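Me: I have a structure to read and would like to go through it feature by feature. Please give the general idea each time, then the case at hand.

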Amino acid sequence: MNKYGVLARFDSPQSLVHAAEKVRDEGFINFDCHSPFPIHGMDDAMGLKRSKLGYLIGAMGLTGALFGFGLQSWIHSIEYPMNISGKPFFAYPAYAIITFELMVLFSAFGAVFGMMFFNRIPRFHHPVFYSEKFSDVSSDAFYVSIEVDDPKYDENKVISFLQGLGGTEIEVLKDEN
Amino acid sequence: MSNEAMKSKAQIRAEKLLPGNQDFTSITNDIAGVPEQKKTPIQWWLLFGFALSLLAIFAGSVGFLIWEGTGIWGINNPVFWGWAIINFVWWVGIGHAGTLISAILHLFRQNWRNAINRFAETMTLFAVICALVFPGIHVGRIWVAYWFLPIPNQMGMWPNMRSPLIWDFFAVFTYFTVSLLFWYTGLIPDLATLRDRAKGLKKKVYGFFALGWRGGNRQWQHYELAYLVLAGISTPLVLSVHSVVSSDFATSVIPGWHTTIFPPYFVAGAIYSGFGMVMTLSIIARKVYNLGHIITVEHLDKMAQIMLLTGCMVGYAYSMEFFVAWYSGNQYESFAFVNRALGPYWWGYWAMIFCNVVVPQFFWFEKYRRHIPFLFITSILVNIGMWFERFVIVVITLHRDFMPGAWAMYNPTIWDVSIYLGTFGLFFTGFLLFLRFLPMVSIAEAKLVLPESNPHHGHDHE
């Protein structure tokens with residue numbers, strides 16, 4: 001049974017942001033701040049880099065647009081050229097709408113499944129779920145977790161450090177796998 | 001000084017949108033408490049029974065339609081498009097408010113949307129399902145409805161991608177898929193809340209769909225970006241969907257349809273009817289579930305303002321159509337419009353004008369925007385009016401076109417009516433199941449309206 005890390009509870013978004021800044025300044029890397037809703041300014045407070053998800057979505061959108069335009073051109077110019085009211089086979093203005101729709105569709109898949117990929121979800125088992133109190137985080141609780149993997153991790157120091165920041169109900173989490 | 005003023009402004013706004021002393025805990029309890037109710041309210045069962053009986057009518061009518069063919073409808077020559085297309089356009093239009101609220105108002109940082117966006121998004125999903133039924137069944141031989149799709153087949157046959165009907169299929173299909181993804185993404189943190197409060201089997205089911213959400217900021221970071229991008233791409237999407245629907249009409253050569261005003265006019269009408277439906281549903285739901293402190297009169301007031309705006313836009317479009325018909329000097333075009341207002345279906349036209357142009361004018365006055373029974377009645381009138389708008393466009397235009405020798409009257413049959421009523425069964429069955437099992441207001445987003453959710457609230461930061 002390995003240890004996972006330390007969990008400390010805070011009472012408000014303000015104290016969580018404050019704690020995140022201190023944890024960041026202390027040099028911790030493998031930590032996270034849990035809250036019931038996204039907190040404005042938390043990315044900077046934790047020292048996180050900008051999410052790279054946007055590039056993935058952009059690439060997906062471009063793929064969708066190219067696929068949509070390519071599909072229509074291929075169907076009407078190469079695979080199945082069909083004369084309808086003498087209209088040109090390569091009627092590119094008429095392809096605008098499906099090109100646009102497929103761009104949006106692919107971007108949306110990129111956004112949602114890319115978000116899941118970057119967040120490593122679905123992940124149904126996680127050590128934080130072994131804490132009894134942690135489930136309040138989806139309602140009204142604010143938590144900081146610092147992981148064992150962190151190079152600066154020293155259990156007693158981390159506990160007293162989090163207590164010093166105003167953390168309560170400090171727990172040492174076990175990874176039960 | 002300005003800090004004080006800012007704070008009090010934020011507080012005043014929060015008090016209007018979330019009256020009473022609410023905090024994070026009470027919001028969770030109030031919203032999550034509804035799907036967690038041990039005993040289902042009797043009103044819910046009554047409504048659900050009613051919805052199920054309509055659904056049975058729907059199943060029976062569609063079954064008979066598939067068995068017998070589209071000859072059971074009142075369509076004739078020249079009115080080849082009857083109630084099926086009217087209902088399709090009507091339901092798709094209703095769907096528009098959901099995406100407008102969740103995407104466009106999100107981009108404009110209209111916080112008040114947080115109380116009604118889940119509601120409206122769900123309405124969108126079921127409305128679009130009801131809409132998609134009609135193109136599916138109107139083809140007659142529905143077992144070949146997959147011919148819409150560009151899939152390689154043994155006949156070597158492909159859809160005509162230059163046809164607005166195929167554009168429409170792609171637009172509505174994409175719209176449905178993106179709305180579903182948007183809705184589900186917004187639901188993930190709330191499913192985690194329900195998971196954390198539930199026990200036993202329910203915990204497993206909610207937990208499965210919550211995907212193991214932990215609320216860590218490393219997750220919120222990507223989540224928020226994904227949500228923002230979805231809002232960004234849904235905005236042009238929602239404006240495109242009804243524009244494409246309108247091109248089903250506008251790319252034809254029929255007088256009264258062949259107009260460039262159609263796309264914006266259809267979009268405005270769609271948003272107008274969608275807000276009407278959100279209003280109807282939210283007035284019922286806040287009453288049944290005592291959520292008057294979360295979906296407040298303030299929210300209803302704001303929705304009424306949007307209905308006033310879009311109602312005026314459709315009113316402008318109606319008059320502009322008449323002006324252009326006269327100004328064009330085209331006798332067929334002029335006749336089509338005179339026939340709308342004074343022809344045999346004059347009652348359809350004036351019902352539309354009354355419901356869509358006259359009724360929303362009451363919303364100039366705050367008194368009417370905050371009068372709940374009045375809002376309830378007008379929101380239903382709005383949707384009746386928008387149904388008549390599509391009736392006017394489809395039936396009145398088709399029944400008298402170029403040659404008087406080809407004119408005819410159109411009468412719907414009992415099957416037209418029963419399939420239309422049946423889609424209400426489909427809509428309300430889905431919607432009531434949503435109210436019973438899922439949070440009708442976004443729990444995570446409702447908290448963002450509280451000033452306490454802002455980390456700069458209450459103390460000087462930096």
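**Reading the features one by one**

Reply: Pro122(A) has its place in the loop between α4 and β3 of chain A. The model is predicted.

Me: Which residue does the cis peptide bond join to Pro122(A)?

Reply: Ile121(A) is the partner, and omega of that cis bond is about 0°. Chain B has a cis peptide bond between Asn77(B) and Pro78(B), with omega of about 20°. Pro78(B) is found in the loop between α3 (42-68) and α4 of chain B.

Me: Now the sheet. In what order do the four strands of chain A lie?

Reply: Strands of a sheet pair through backbone hydrogen bonds, either parallel or antiparallel. Here the order is β2-β3-β1-β4 in chain A, the sheet is open, and the pairing is antiparallel. The edges are β2 (31-34) and β4 (168-175) of chain A, each of which pairs on one side only. Ignoring direction, neighbouring strands are turned by 20° against each other on average.

Me: How many bridges link β1(A) to β4(A)?

Reply: Six bridges, in the antiparallel sense, link strand β1 (residues 2-10) of chain A to β4(A). In that pairing Leu7(A) stands opposite Glu171(A) of β4(A). β1(A) also pairs with β3(A), again antiparallel and over six bridges. There Phe10(A) stands opposite Phe142(A) of β3(A).

Me: Is β1(A) mostly covered or mostly open?

Reply: Mostly covered: seven of the nine residues of β1(A) are buried.

Me: Which strands does each helix packed on the sheet touch?

Reply: Strands β1 and β4 pair in the antiparallel sense in chain A. Helix α1 (residues 13-25) of chain A packs on the sheet and touches β1, β2 and β3 (142-147) of chain A. The direction of α1 makes about 20° with that of β3(A). Helix α5 (residues 155-164) of chain A also packs on the sheet, touching β1, β3 and β4 of chain A. The direction of α5 makes about 10° with that of β1(A).

Me: Next, helix packing. At what angle do α9 and α10 of chain B cross?

Reply: Two packed helices are described by the angle between their axes and the distance between the axes. The axes of α9 (residues 262-288) and α10 (residues 297-328) of chain B cross at roughly 150° and come within 8 Å. An angle over 145 degrees counts as roughly antiparallel, so α9(B) and α10(B) are roughly antiparallel to each other. The crossing of α9(B) past α10(B) is left-handed. From α9(B) the contact residues include Tyr265(B), Tyr272(B) and Phe275(B), and from α10(B) they include Leu300(B), Met303(B) and Val314(B). By class, this contact of α9(B) with α10(B) has 14 nonpolar, four polar and no charged residues.

Me: How far apart are the axes of α4 and α5 of chain B?

Reply: They are 7 Å apart, and α4 (residues 83-107) and α5 (residues 117-138) of chain B pack at an angle of about 155°. α4(B) and α5(B) are therefore roughly antiparallel to each other. α4(B) passes α5(B) in a left-handed crossing. The contact of α4(B) with α5(B) divides into 16 nonpolar, eight polar and one charged residue.

Me: Which residue in the loop between α4 and α5 of chain B should I look at?

Reply: Look at Arg109(B) in that loop. Arg109(B) has a positive phi of about 55° although it is not a glycine. Arg109(B) counts as exposed because 7 other C-beta atoms lie within 10 Å, and the cut-off for exposed is 12 or fewer. Leu211(B), also not a glycine, has a positive phi of about 60°. Leu211(B) is found in the loop between α7 (200-210) and α8 (217-250) of chain B. With 19 other C-beta atoms within 10 Å, Leu211(B) is partly exposed.

Me: Last, the interface. How many residues does each chain give to the contact?

Reply: The size of an interface is often given as the accessible area lost when the parts come together. A residue count is what we have here: the contact takes 59 residues from chain A and 54 residues from chain B. On the side of chain A that touches chain B, α4(A) gives the most, with 14 residues. By class, that side of chain A has 35 nonpolar, 17 polar and seven charged residues.

Key
Residues are numbered from 1 along each chain as its sequence is written. Chains are lettered from A and ligands numbered from 1 in the order in which they are written. This is a predicted model: local features need pLDDT of at least 70, side-chain atom pairs count only at pLDDT 80 or more; totals for chains, interfaces and linings use all residues. Axes are lines fitted to C-alpha atoms, for helices over the stretch in contact, and angles run from 0 to 180 degrees between N-to-C directions. Helices (H or I, at least four residues) and strands (E, at least two) are DSSP runs, numbered from the N terminus. Angles under 35 degrees count as roughly parallel, over 145 as roughly antiparallel, 65 to 115 as roughly perpendicular and the rest as oblique. A crossing is left-handed if the near helix is turned anticlockwise from the far one by less than a right angle, and right-handed if clockwise. Two residues are in contact if their C-beta atoms, placed from the backbone, lie within 7 Å. Ala, Val, Leu, Ile, Met, Phe, Trp, Tyr, Cys and Pro count as nonpolar, Asp, Glu, Lys and Arg as charged, and the others, Gly among them, as polar. Two strands pair if DSSP finds at least two bridges between them. A residue is buried if 20 or more other C-beta atoms lie within 10 Å of its own, exposed if 12 or fewer, and partly exposed in between; C-beta atoms are placed from the backbone.
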